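Student: Hey, can we go through this structure together? I'm new to it.
Tutor: Sure, let's take a look.
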Amino acid sequence: MITRKPARRLTALLAAAAVTRAATTVLRSRAPGGPDRWQRRNYAGRAVELYAGPAAALGAAAGAVALPARTRAAAALAVLGAGACGAYDDTAGEGDPRRGFRAHLGALRGGEVTSGAVKLFGVSAAGLAAGALLKERPVDKLLAGVVIAGTAHFVNLVDVRPGRAAGAVVALGTPGLLRQGAAGVLSATSVGAAAAVLPDDIGERAMIGDAGAHALGAALGLAVAAGNGRAGLAVHAAGVVAAAAYGEKVSAIAGSRA
């Protein structure tokens, strides 16, 4: 069956992509804090830019502006909150070899608050708050929060090589473009922002970093949460937790071989 209002989803996709590209250009031209702050070495030792990460967060949030107020607020909170936490880890955690939940929680048990731990709890809190705005019943609010935060963490954990995180968001988000209502629009925002950064990411001219991976993952999680009732939320919550656990193993293995 052909879904209604495809123009609304197309508009959201194009808006997210356009804002992402425009924000990348503005950040590159102004380089807040100096160009050195925005340069990193990737797994192969190549110099890459970090502008794409914050730009993707802005793009994914901008694509949701036409949605109802509560959904729009949930999108801004989840996507921008996840992006901000990721950006903090990109800067404060630079050079920290520890990766994954276990490493940062282990450091926390030893009395050290790492930037990764701040990111972990910050993204989780933003996801839960967004879920509370998105759903009406307490159980649904909790499940939606788990889906949003879990998807954000999972996408970041699979970001171990150029294009993998953004490519995963495009692949997983594209079927959601067939959904009606907020789920379809939110899928479009995640796909549009991810597609906008994918060429530079694959070409190893840029990396989306934790800021981009978490923001795009949160946008994708929002789409999933918006399009499902309690049963669907429970299934996706279980799946994303399992996927995040598996993604942590993949990330740890890839990090040890880099």
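Student: Which residues in H5 meet which ones in H9?
Tutor: Lys 119, Val 123, Ala 130 and Leu 134 in H5 meet Asp 210, His 214, Leu 222, Ala 225 and Ala 226 in H9, where contact means heavy atoms within 4.5 Å. This is a predicted model, where local features need pLDDT of at least 70, side-chain atom pairs count only at pLDDT 80 or more, and totals for chains, interfaces and linings use all residues. Residues are numbered from 1 along each chain as its sequence is written, and side-chain values use heavy atoms, with hydrogens and water left out.
Student: And how do the residues of that contact divide?
Tutor: Into 6 nonpolar, 1 polar and 2 charged. Ala, Val, Leu, Ile, Met, Phe, Trp, Tyr, Cys and Pro count as nonpolar, Asp, Glu, Lys and Arg as charged, and the others, Gly among them, as polar.
Student: What angle do H5 and H9 pack at?
Tutor: About 25°, with the axes of H5 (residues 115-134) and H9 (residues 209-226) 11 Å apart. H5 and H9 are therefore roughly parallel to each other, a label for angles under 35 degrees.
Student: New topic: how many cavities of 30 Å³ or more does a search of the whole structure find?
Tutor: Just 1. A cavity is a set of points on a 1 Å grid over the protein atoms alone where a 1.4 Å probe fits but cannot get out, and lining residues have an atom within 4 Å of a point.
Student: How much space lies in the largest cavity?
Tutor: About 40 Å³. Its lining has 4 nonpolar, 1 polar and 4 charged residues, including Arg 21, Glu 49 and Asp 200.

How values were computed. Axes are lines fitted to C-alpha atoms, for helices over the stretch in contact, and angles run from 0 to 180 degrees between N-to-C directions. Helices (H or I, at least four residues) and strands (E, at least two) are DSSP runs, numbered from the N terminus. Angles under 35 degrees count as roughly parallel, over 145 as roughly antiparallel, 65 to 115 as roughly perpendicular and the rest as oblique. On a 1 Å grid over the protein atoms alone, a cavity is a set of points where a 1.4 Å probe fits but cannot get out, and a pocket is an open set with protein on both sides within 12 Å along at least five of seven lines; lining residues have an atom within 4 Å of a point. Grid points are joined across faces, edges and corners, and a volume is the space filled by probe spheres set on the points.
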